[in-house]
Amino acid sequence: MNKMNAVDTYKVILVEDDVQLAGMVAQFLKPYGFEVTIENRGDLAVDRILREQPDAVILDVNLPGLDGFSICRTVRSEFPGPVLILTARGDEVDEVVGLEVGADDYLAKPVRPLALLARLKIHLKKASQLEGADAVSEIVVGSLKIDARSQSVMLNDEEIHCSTAEF
């Protein structure tokens with residue numbers, strides 16, 4: 001189901017403890033068809049993401065309770081939508097870690113609203129194309145199972161953690 005029309009609404013969970021910034025991002029995205037709900041605590045984000053299954057997640061890294069890298073790593077096997085990390089941590093090492101734990105994109109603060117919007121739209125379009133495609137999303141060979149949609153690998157019913165590059 002391709003939802004890239006102007007009349008469609010995308011549900012996004014923004015995990016950000018800076019209330020003012022979160023409000024600004026939510027207000028900016030609203031006219032573009034995004035319904036943004038805000039979660040201020042990292043330790044509440046995992047359950048909320050898995051329960052609500054939004055179209056996309058935008059994560060800060062430095063959060064109370066649980067950091068954004070841990071959230072991304074935890075939800076990745078059960079949340080197939082795009083995850084974008086938006087953080088003040090602009091070091092290359094942090095960006096690599098973010099991508100390796102399963103984020104689809106990494107943006108450094110201060111937020112550039114149009115760049116965030118463009119990247120969000122691109123990732124949602126890709127996810128929509130994958131959802132509507134007849135392509136095989138799961139490969140099973142003996143006791144090995146690879147799920148392209150959730151980017152997870154199971155061997156003998158045990159999850160194998162691998163970086164994005166390894167996947």
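Here are some questions and answers about a predicted model, starting with its sheet and moving on to helices and loops.

Reader: Let's start with the sheet. In which order do the strands of the open sheet of five strands stand?

Author: Happy to begin there! The pairing in this open sheet is parallel. The edge strands are β2 and β5, each of which pairs on one side only. Neighbouring strands are turned by 20° against each other on average, with direction ignored. Read across, the order is β2-β1-β3-β4-β5.

Reader: How many bridges join β3 to β4?

Author: Strand β3 covers residues 56-59 and strand β4 covers residues 83-87, and the two run parallel. Within this pairing V57 stands opposite V83, and I58 stands opposite L84. The number of bridges joining β3 to β4 is three.

Reader: And on the β1 side, which residue stands opposite I58 in β3?

Author: Strand β1 (residues 10-15) also runs parallel to β3, and four bridges join them. The residue of β1 that stands opposite I58 is L14.

Reader: Which residues of β3 point the other way from A56 and I58?

Author: In a regular strand the side chains alternate between the two faces of the sheet. In β3, A56 and I58 point one way, and all the residues on both sides are buried. Those pointing the other way are V57 and L59.

Reader: Now the helices. Are α2 and α3 roughly parallel or roughly antiparallel to each other?

Author: Two packed helices are described by the angle between their axes and the distance between the axes. The axes of α2 (residues 42-52) and α3 (residues 68-75) come within 10 Å and cross at roughly 25°. Angles under 35 degrees count as roughly parallel. The two helices are therefore roughly parallel.

Reader: Is the crossing of α2 with α3 left-handed or right-handed, and which residues of α3 take part in the contact?

Author: As α2 passes α3, the crossing is right-handed. The residues of this contact divide into six nonpolar, two polar and no charged. From α2 come G42, A45, V46, I49 and L50, and they meet the α3 residues I71, T74 and V75.

Reader: What covers the buried residues of α2?

Author: The buried residues of this helix are G42, A45, V46, R48 and I49. An α-helix has 3.6 residues a turn, so residues three or four places apart point the same way. The cover over the buried residues of α2 includes β1, β2, β3 and α3.

Reader: What is the phi of Q53, just after α2?

Author: Most residues other than glycine have a negative phi, and most peptide bonds are trans. Q53 lies in the loop between α2 and β3, and its relative accessible area of 34% makes this residue partly exposed. Its phi is positive, at about 45°.

Reader: Is N156 buried or exposed?

Author: N156 is found in the loop between β8 (152-155) and β9 (158-160). This residue has a positive phi of about 55° although it is not a glycine. Its relative accessibility is 51%, and over 50% counts as exposed, so N156 is exposed.

Reader: One last thing: is the peptide bond from K109 to P110 cis or trans?

Author: P110 has its place in the loop between β5 (105-108) and α5 (113-132). For the bond from K109 to P110, omega is near 5°, and the bond is cis.

Technical notes
Residues numbered from 1 in each chain as written. Predicted model: local features only at pLDDT ≥ 70, side-chain atom pairs only at ≥ 80, totals over all residues. Heavy atoms only, no water. Axes fitted to C-alpha atoms, helices over the stretch in contact; angles between N-to-C directions. Parallel < 35°, antiparallel > 145°, perpendicular 65-115°, else oblique. Left-handed = near helix turned anticlockwise from the far one by under 90°. Contact = heavy atoms within 4.5 Å. Nonpolar A, V, L, I, M, F, W, Y, C, P; charged D, E, K, R; others polar. Buried < 20%, exposed > 50% of the residue type's maximum accessible area, 1.4 Å probe, protein only. Pairing = 2+ DSSP bridges.
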